[in-house]
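Please open the model in your viewer and keep the sequence panel beside it, since the tour moves from one selection to the next.

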Amino acid sequence: MFNYILKRFKKIVLRILLLLFFLTCLLVTFLYLNYRLSYDYTNPNDVFSYVDKNKSTSYLNEKNKKFLEERDIWSIRLDRDGQVVESFHKPQEVKDQFDLTDVARFSRFYLADYPVFTYVVGDGLLLFAYPQHSLDKLPFNYYSYKNLIFNLSLVLVFLLLFLVFVYILYRVDIKDLLKNILPLQRAIDSLYEDDYERLDEGGELGDLALSINQANEKYKNLKEAQDKWIRGLSHDVRTPLAKISWEVSKENKEDLDTKNIQDQVLKISTILEGLNLTLSLSKLDRESFTEENPLKVIRKLIVDKLNENPTREIIFESKINNPNLRIKMDPNLFYRMLENILKNALSYTGGQIRVTISDPENKLIIRISDQGKGISEDVLEKITREDLTNVTKHGLGILISKQIAQLHGGTLAIKNQDPGLQVSFLFNHVH
């Protein structure tokens, strides 16, 4: 939220700076059009200073002529009667004699369309003329007070219009900001309610909308996991608790079946461990997983179970083309996922157990098959629906394996076959 507001604020500030830049450009253009003094031409005052400093018996000596030649400037000097007494590159259309009217005109305006600048030297005038259309001269030597007030008023009007324009942009941005934020606020208010409506994840606030949707999804998953945990606990612990209660209620304590009580306590402990694991799995995040080779985990599991059950036959069949394949995983959870299935097969079935792995089309498929009686359709349905009630025999282990597989981006498929049960794991994100 803060990043979005900061982004919008930066956008508003950027627009204001662009407007200021635009106004500055207008001002510079205005000044340029009113007094165009190109840097290609030497300032007239600098020209006069140089000529005056280097004058000899005449102002337009050879050194000064060379200086003027290099700057494309022609020059004349007039005496007190308006007669040209010195000249350098004077155009033919320029007269040799000037009266007071001529002096007043070219001092204020132009001389034969040449911008000229006059300087008093002794009892005469020294003129420097620049090329036609090179410099502009202001056509006045005074400034009207009314014009000054008018121009100041015009500046104030422009400033007022600028502020109004900025305010309009501000209101538009604020309206747009509120329009985008209000749905988020309503979504946050209803984040933990059943009627939460998923936000559109497009637009400028798409990242924030995505985060809110993900937060609601996590809450929903956690709530469902807690509900399943409570249902599973209340349903599956009821029977062993009843058996314990029945034992301890016997009048003759010598008739207590302590072995039965211990078995029921162990059963409750196993149920709680499984239910707690299913709840903790709903809180885990795959971001902490690392890329590992699953073959090492599978081989270790088979070796461990063969050592624990030396009389059982576990056949391992590898159809792997890439022995260095890797998936993003938690090795301990991955081990537990496969161990649950293998332990069920060892505990509840006899005969041969087969573990097959393959990697067709950059996928990883792990199949564990036994030769037992399979499981009931009711338990299969509960596993599909992830219902924790009454699956504490070996269905809870399968359900936990299913959750771990999903956490690793995979899927679990289970089916009864003749004979036995086949559990398959499929992982697509294999490198």
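The stops below begin with the whole chain and then go through single elements and residues.

**The whole chain**

Start with everything selected, and bear in mind that this is a predicted model. The protein chain carries 12 helices and 11 strands, and of its 431 residues, 37% are buried. Its exposed surface comes to about 26900 Å², of which carbon and sulfur atoms supply 55%. If you display contacts between residues at least 6 apart in sequence, 62% of them join residues at least 24 apart.

**A nonpolar patch**

Next, select V13, L17, L20, F22, L23 and L26, and show the surface: together these residues form a nonpolar patch with about 500 Å² of accessible area. L26, one of the patch residues, belongs to helix α1, which covers residues 2–34. Is L26 buried, exposed or partly exposed? Its relative accessibility is 44%, so L26 counts as partly exposed, given that the intermediate class lies between the 20% and 50% limits.

**Strand β1 and its partners**

Now move to strand β1, residues 74–78, where four of the five residues are buried, so that the strand is mostly covered. Select strand β4 (residues 124–129) along with β1, and you will find the two running antiparallel, joined by five bridges; within this pairing, I76 of β1 stands opposite L127 in β4. Then add strand β2, residues 84–88, which pairs with β1 in the antiparallel sense over four bridges, with S75 standing opposite F88 in β2. β1 and β2 form a hairpin with five residues between them, and in the turn G82 has a positive phi of about 85°.

**N340 in helix α10**

Go on to helix α10, residues 331–348, and pick out N340 within it. At a relative accessibility of 8%, N340 falls under the 20% limit and therefore counts as buried. Which residues does N340 touch, once those up to four places away in sequence are set aside? They are G397, I400 and S401, and with S401 there is also a polar contact between the two side chains, at 3.5 Å.

**I365 in strand β9**

Select I365 next, in strand β9, which takes in residues 364–369. I365 is buried, with a relative accessible area of 15%. Beyond its neighbours within four places in sequence, I365 is in contact with T356, I357, S358, P360, F425 and L426. Draw a distance between the C-alpha atoms of I365 and F427 as well: these residues are 62 apart along the chain, yet their C-alpha atoms are separated by 6.5 Å.

**S424 in strand β11**

The last selection is S424, which lies in strand β11, residues 421–427. Its relative accessible area is 12%, which means that S424 is buried. Show the side chains of S424 and R367, and a polar contact between them appears at 3.3 Å. R367 is also among the residues in contact with S424 when neighbours within four places in sequence are left aside, a list that further includes I366, T411, L412 and A413.

Conventions:
Residues numbered from 1 in each chain as written. Predicted model: local features only at pLDDT ≥ 70, side-chain atom pairs only at ≥ 80, totals over all residues. Heavy atoms only, no water. Patch = residues over 30% accessible without salt bridge, like charges linked within 9 Å, V, L, I, M, F, W, Y side chains within 5 Å. Areas by Shrake-Rupley, 256 points an atom, 1.4 Å probe, with all protein chains shown as cover. Salt bridge = Lys/Arg side-chain N within 4 Å of Asp/Glu carboxyl O. Buried < 20%, exposed > 50% of the residue type's maximum accessible area, 1.4 Å probe, protein only. Polar contact = N/O pair within 3.5 Å; in protein donor to acceptor, adjacent residues only side chain to side chain. Contact = heavy atoms within 4.5 Å. Pairing = 2+ DSSP bridges.
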